[in-house]
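Let's take a walk through a structure together, one step at a time. Keep the picture open beside you as you read.

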Amino acid sequence: MIRVYVEGIGVRGEGLDGWPAAAAVLAGRRDYLPAPVALPVNTLLPANERRRMVTTVKLALAVGTEAFANAKRDPGGTATVFTSSGGDGDTIHNILDALACEQIEVSPMRFHNSVHNAPSGYWSIATKAVEPTTSLCVHDASFSAGLLEAAAQATVDHRAVGLIAYDLPYPAPLNAVRPIGSTFAVGLIITPAPSEASFASLAVALTQGNEPPTAMAEPRLEAIRLGNPAARSLPLLAALARDIEAKVILEYLGNDTVTVSTTPLPLALAAQ
Amino acid sequence: MQPLLLSHFAIVSSLGAGLEATLAALQAGRSGLRPHSYPGEFDTWIGKVDALDTFRLDEGLAPFECRNNRLAAMAMAQDGFAEAVAALREKYGPHRIGLVLGTSTAGIEQTERAYRRRDPETGRLPSDFRYAETHNTFSVGKFVARALDLTGPAIVVSAACATTAKAFGNAARMIAAGFCDAAIVGGADTLCSTTIYGFRSLGLISREPCRPFDRGRDGISIGEASGFAIVEKAAGGRLPPNAVLLRGIGESSDAYHMSTPHPDGAGARLAMERALAAAGMAPDDIDYVNIHGTATPVGDAAEDRALVELFGRETPCSSTKGYTGHTLGAAGIVETIIAALAIQNSFMPGSANTQDVDPALRSRYLTAGQHAPVRRAMSNSFGFGGSNCSLVLERAS
């Protein structure tokens, strides 16, 4: 088990438009109201780079920007962990479609946007961050894997880490072999020690599946959780939104799970 | 960082199958590149693993059938690797062995085939196409975990051409955080149309065998390869003879451009500096640098600048991409293994195909192999997105 602290969250999902609005829903203070995901224009990137941004990049940058703003932390000096089950679906489909044609022409911009670490690349350009960044994929367990890596990095390298998880639906025909229900992304700023902005501690442990993953009580949120690998984070976000001590079981590989025990920060500090 | 023991390696590339074949090719100066014509009158040179065309997966692994997983399976069948992992399972238990692999395109070659077999009416992919086992970036992780019977934490890193160097960083953190006691690090990247035509669209592929650091260098040659390393804590216990330690890892971002390295080599230099700092070493401690050196005009110049600024002009260095081609996501593991071979065999490889070293590049670039003791070596891997990683290896004394 390792203990880390959360000092900022960003989120985008259907009807979950930013952390304050999402927290109100997840804490039960407001009813869930489905609405399409709105992606804000990122003003950090120069105009020519902004034009090249594909949806995964917009999505990852949106939650990253919000999480760092909420944490009041400079993204330019912070390491990042990006995690996603897939690259940009439209980009990959367009390349595969072009490769199946008689006359093969691949767009150079599409090609560089097709790499799994495209969001991480654009993020470092946007924030001028030269700090380490990694880009992971563990299929449906991508969020838990990213959380393990971010927590390990914060603890082992004694530094703040921005965790950014994102996934969005594929276009046809890939959506038939990889159905992803809706667009979802989350950013979490994690630190090895509490800071002024910290509001909760997380005790993160790799556990051998004695309990099933925590589900969402609201059926439409549960559908989002099950439909999108990044949304497997929802039970953790709900515990953080409710500001309570809670044990959350997150899906991992096979029967294994990642267990996260959340503690609101005044309590966590008192316990030290 | 705590030194880690690299207790076993396995490799397959166009140089051959296994460590011995790899070393023999490097020592003989024999490149694995050869000419290939792609549809659309595109002639280039590639580093292909011929045996892959006929290599078959074990029956139980049939759902994972694709070129990339076959390549990984072929590497796992070399150098006594499967036996070494079996011993590791005995030692730590399958749940305590982490799996940290890397790939840039996984089995997308299988999806390319599936796209050519789409239903002409509906556009649907053929029913035998398996997304999770072939196309998904994690497919190689799922496959290797199954093949090696490992049940510990598993991740696939995909950070373009720095991927399988960075994987050592993820593994080191996983071990230090206590999520596992040892790890398998490595990965595979396969020749596919996505990367061939993608790099062509960027004007980055040479029509000749790539010539790192040559005056006339004009782009990369793409190769395919897979490699693995077993990573264990080095503390306590007697180390095997000729053991290689992983002493330092340095990661950085260029924060400059998606597909062009920073011309000053600032990100490359930062990665090398961080690797040295993690190892507690000075530039002079390094005997040989296996550089990224892909043979693009801009990339080689940027790396040379970073090398000269950090090491001066005396530290021998070379790129082995003229031998293997640029194996993209596998370049990190391939070149880490080559750096380890350099240490174990007191042999610094030269640079295949490089005829006329660019006088504008000022580092001490080896065109021919040299027999000399190598106690400490660095390996550089840089990729799209400005993703940089340097590793420092050392012979255990």
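Let's begin where two chains meet. Strand E4 of chain A and strand E6 (residues 154-157) of chain B run antiparallel and are joined by 2 bridges. If you would like one pair to look for, find A:Cys137, whose bridge partner in E6(B) is B:Val156. Keep in mind as you explore that this is a predicted model.

Now widen the view to the whole meeting place of the chains. How many residues of chain A are in contact with chain B? There are 50 of them, and they are in contact with 53 residues of chain B. On the chain A side, several elements each supply at least two residues: helix H4 (89-99), helix H5 (108-113), helix H6 (118-127), strand E4 (133-137), helix H7 (142-157) and helix H8 (174-177). The largest share, 7 residues, comes from H7(A). Sorted by class, the side of chain A that touches chain B has 28 nonpolar, 17 polar and 5 charged residues.

H7(A) deserves a second look. Its axis and the axis of helix H7 (residues 163-176) of chain B come within 9 Å and cross at roughly 75 degrees. That angle makes H7(A) roughly perpendicular to H7(B). On H7(A), the residues making the contact are A:Glu149, A:Ala152, A:Gln153 and A:Val156, while H7(B) brings B:Asn170, B:Arg173, B:Met174 and B:Ala176. By class, this contact has 4 nonpolar, 2 polar and 2 charged residues.

Let's turn to chain A as a whole. Chain A has 11 helices and 9 strands. Along the principal axes, its C-alpha atoms fill a box of roughly 65 × 40 × 35 Å. A compact globule with 272 residues would have a radius of gyration near 19 Å, and the 18 Å of chain A agrees with that. Buried residues make up 57% of the 272 residues in chain A. Among the contacts in chain A with a separation of 6 or more, 73% are between residues 24 or more positions apart.

A good guide to the inside of chain A is strand E1 (residues 2-13). This strand is mostly covered, with 10 of its 12 residues buried. Before tracing its partners, here is a helpful piece of background: strands of a sheet pair through backbone hydrogen bonds, either parallel or antiparallel. Which way does E1(A) run relative to strand E6 (residues 184-191) of chain A, parallel or antiparallel? The two pair in the antiparallel sense, over 8 bridges, and A:Gly10 has A:Gly187 as its bridge partner in E6(A). E1(A) is also joined to strand E7 (residues 200-207) of chain A by 5 bridges, and these two run antiparallel. Here you can spot A:Ile2 standing opposite A:Val204 in E7(A).

E1(A) has another partner in strand E2 (residues 16-17) of chain A, to which it is joined by 2 bridges in an antiparallel arrangement. E1(A) and E2(A) form a hairpin with 2 residues between them, and A:Gly15 in the turn has a positive phi of about 75 degrees. The bridge partner of A:Gly13 in E2(A) is A:Leu16.

Let's pause at A:Gly13, which is found in strand E1 of chain A. Why does A:Gly13 count as buried? A residue is called buried if 20 or more other C-beta atoms lie within 10 Å of its own, and A:Gly13 has 27 C-beta neighbours inside 10 Å. Leaving aside residues up to four places away in sequence, A:Gly13 touches A:Val37, A:Ser182, A:Thr183, A:Phe184, A:Ile224 and A:Ala231.

Next, find another pair of helices, this time within chain A. The axes of helix H1 (residues 19-26) and helix H10 (residues 234-242) of chain A come within 8 Å and cross at roughly 90 degrees, so H1(A) and H10(A) are roughly perpendicular to each other. A:Ala22, A:Ala23 and A:Leu26 in H1(A) meet A:Leu237, A:Ala238 and A:Ala241 in H10(A). By class, the contact has 6 nonpolar, no polar and no charged residues.

Our last stop is in chain B, at an open sheet of 3 strands in the order E3-E4-E8, with mixed pairing. Its edge strands are strand E3 (34-38) and strand E8 (222-223) of chain B, each pairing on one side only. E3(B) and strand E4 (residues 42-47) of chain B pair in the antiparallel sense over 5 bridges, with B:Pro35 opposite B:Trp45 in E4(B).

Notes
Residues are numbered from 1 along each chain as its sequence is written. Chains are lettered from A and ligands numbered from 1 in the order in which they are written. This is a predicted model: local features need pLDDT of at least 70, side-chain atom pairs count only at pLDDT 80 or more; totals for chains, interfaces and linings use all residues. Axes are lines fitted to C-alpha atoms, for helices over the stretch in contact, and angles run from 0 to 180 degrees between N-to-C directions. Helices (H or I, at least four residues) and strands (E, at least two) are DSSP runs, numbered from the N terminus. Angles under 35 degrees count as roughly parallel, over 145 as roughly antiparallel, 65 to 115 as roughly perpendicular and the rest as oblique. Two residues are in contact if their C-beta atoms, placed from the backbone, lie within 7 Å. Ala, Val, Leu, Ile, Met, Phe, Trp, Tyr, Cys and Pro count as nonpolar, Asp, Glu, Lys and Arg as charged, and the others, Gly among them, as polar. Two strands pair if DSSP finds at least two bridges between them. The radius of gyration is taken over C-alpha atoms; the globule rule is 2.2 Å times the number of residues to the power 0.38.
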